[in-house]
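Here is a short tour of a protein model and its ligand, written for someone who likes to follow along at the bench. Have the viewer open and click on each residue as it comes up.

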Amino acid sequence: MALTVRPLHDLFAAEIGGVDLTRALAVEEVSAIEAAIAEHAVLVFRDQRITDEQQLEFSRGFGDLEETRGTGISKPGELRLHPAFADVSNLDTDNTVLPRDNRRRLYGLGNMLWHSDSSFKAVPAKYSLLSGRIVVDEGGETEFADMRAAYDDLDDETKAEIADLVCEHSLIHSRESLGFDDLTDAERATMRPVRQVLTRTHPVSGRKSIYLASHIGKIIGWPVPEGRAFIRDLTEHATQRRFVYAHKWRPFDLVMWDNRATMHRVRRFDSTKVRDMRRTTVAGTAPTVAQESMAAE
Ligand code: OGA
Ligand code: MN
């Protein structure tokens, strides 16, 4: 059966049918998915009862995967899932719900802020693939904002102003903005800021987008408060409801998005309910801008 594409929003996001992610895909199917994501930026695959192994296999079809080791606050012995997974569930290694004041849970609340995955890494993520194994009935939607449409809607003066700007992104900034500052020196060392352009051009679609995330703490060359105020303004613009698709999860949905063209966030839900979400992440291939030399740090 041929792959089907059904738009879910006026601007972006589409539901993909006619594909079974539990089996190996043909080369043409992978190319069709790549073409669809270049256009729609967010793809929803329904009823995909995949195992972790099948999710890894499907994800690897699009490139090398990021390992979560070395970022965030989970130590190797504390992983519930294979290290190529970002465990965005609210579960402990024994599959019990994390208590309210659990450190990993509080750290994970950063996902409620608008972001693009791994923008805090020198080479940021390309695609993310999130599988909803156990979803919540109320709340817990994942919202996506189309950063291409948000860019297109800027006036020419703002487009010119952001054309060559570079920002610093760090996990320290997004976590501290929620009041989570309980980080060890070793953790801070892995979270040193990286630089990213503010205007990106997509390599396949050629469309420009605003590369925003709550990890941004500074615009290079600008006074810090002025940079942060401007980033807030741009974020407010870029996340207006007309640019947002809110995904209401059904069990075994797999949502795949292009981090180069979108931001996302999770909405509140009852934290005593199990929400088992497992993400694989396809690594990007190059930095968006030359990084400061490590020797200077
Ligand atoms: C992610 C993420 C949001 C969610 O997996 O990258 O931000 O809905 N998740 O859990
Ligand atoms: Mn994310």
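The space taken by ligand 1 is the largest pocket. A pocket here is an open set of points on a 1 Å grid over the protein atoms alone, where a 1.4 Å probe fits, with protein on both sides within 12 Å along at least five of seven lines. A molecule sits in such a pocket if more than half of its atoms lie within 2 Å of its grid points.

Before going further, please keep in mind that this is a predicted model, in which local features need pLDDT of at least 70, side-chain atom pairs count only at pLDDT 80 or more, and totals for chains, interfaces and linings use all residues. Residues are numbered from 1 along each chain as its sequence is written, chains are lettered from A and ligands numbered from 1 in the order in which they are written, and side-chain values use heavy atoms, with hydrogens and water left out.

**Around the ligand**

Which residues surround ligand 1? They are Val88, Asn111, His115, Asp117, Leu130, Thr142, Trp257, His264, Val266, Arg275 and Arg279, where being near means having a heavy atom within 4 Å of the molecule. Sorted by class, this shell holds four nonpolar, four polar and three charged residues. In this scheme Ala, Val, Leu, Ile, Met, Phe, Trp, Tyr, Cys and Pro are nonpolar, Asp, Glu, Lys and Arg are charged, and the others, Gly among them, are polar.

Oxygen atoms of ligand 1 pair with polar side-chain atoms of Asp117 at 3.0 Å, of His264 at 3.1 Å and of Arg275 at 2.8 Å. The protein covers 99% of the 290 Å² of accessible area that ligand 1 has on its own, an area that comes from the Shrake-Rupley method with a 1.4 Å probe.

**Polar contacts within the protein**

Next come some contacts made by side chains of the protein. A polar contact is a pair of N or O atoms within 3.5 Å; within protein, one must be able to donate a hydrogen and the other to accept it, and residues adjacent in sequence count only if both atoms are side-chain atoms.

| Side chain | Partner | Distance |
|---|---|---|
| His247 | Tyr245 side chain | 2.8 Å |
| His247 | Asp253 side chain | 2.9 Å |
| Ser209 | Arg260 backbone oxygen | 3.2 Å |
| Gln240 | His237 backbone oxygen | 2.8 Å |

His247 belongs to strand 12 (residues 244-247). Helices (H or I, at least four residues) and strands (E, at least two) are DSSP runs, numbered from the N terminus. Is His247 buried or exposed? His247 counts as buried because its relative accessible area is 0%; buried means under 20%, exposed over 50% and partly exposed in between, with a 1.4 Å probe and protein chains only.

Ser209 sits in strand 10 (residues 208-210) and is buried, at 2% relative accessible area. Its partner Arg260 also turns up beside Ser119: the C-alpha atoms of Ser119 and Arg260 are separated by 9.4 Å, with their positions 141 residues apart along the chain. Ser119 lies in the loop between helix 3 (103-108) and strand 5 (125-134), and Ser119 is buried, with a value of 0%.

Gln240 is in the loop between helix 8 (224-238) and strand 12. At 30% relative accessibility, Gln240 is partly exposed. From Gln240 to Ala150, 90 residues apart in sequence, the C-alpha distance is 8.7 Å.

**Positive phi angles**

Asp47 has a phi near 55°, a positive value in a residue other than glycine. Asp47 is placed in the loop between strand 3 (42-45) and helix 2 (52-60), and at 57% relative accessibility it counts as exposed. Asn95 has a positive phi too, near 65°. Asn95 is in the loop between strand 4 (85-87) and helix 3, and Asn95 is partly exposed at 46%.

**Pairs across the model**

Two further pairs give a sense of scale. Ile219, a buried residue at 0% in strand 11 (residues 216-219), has its C-alpha atom 40 Å from that of Asp137, 82 residues apart along the chain. Arg23 lies in the loop between strand 2 (14-17) and helix 1 (27-40) and is partly exposed at 39%. The C-alpha atoms of Arg23 and Asp101, 78 residues apart along the chain, are separated by 40 Å.

Definitions and conventions:
1 Å grid on protein atoms, 1.4 Å probe; cavity = no way out; pocket = protein on both sides within 12 Å on 5 of 7 lines; lining within 4 Å.
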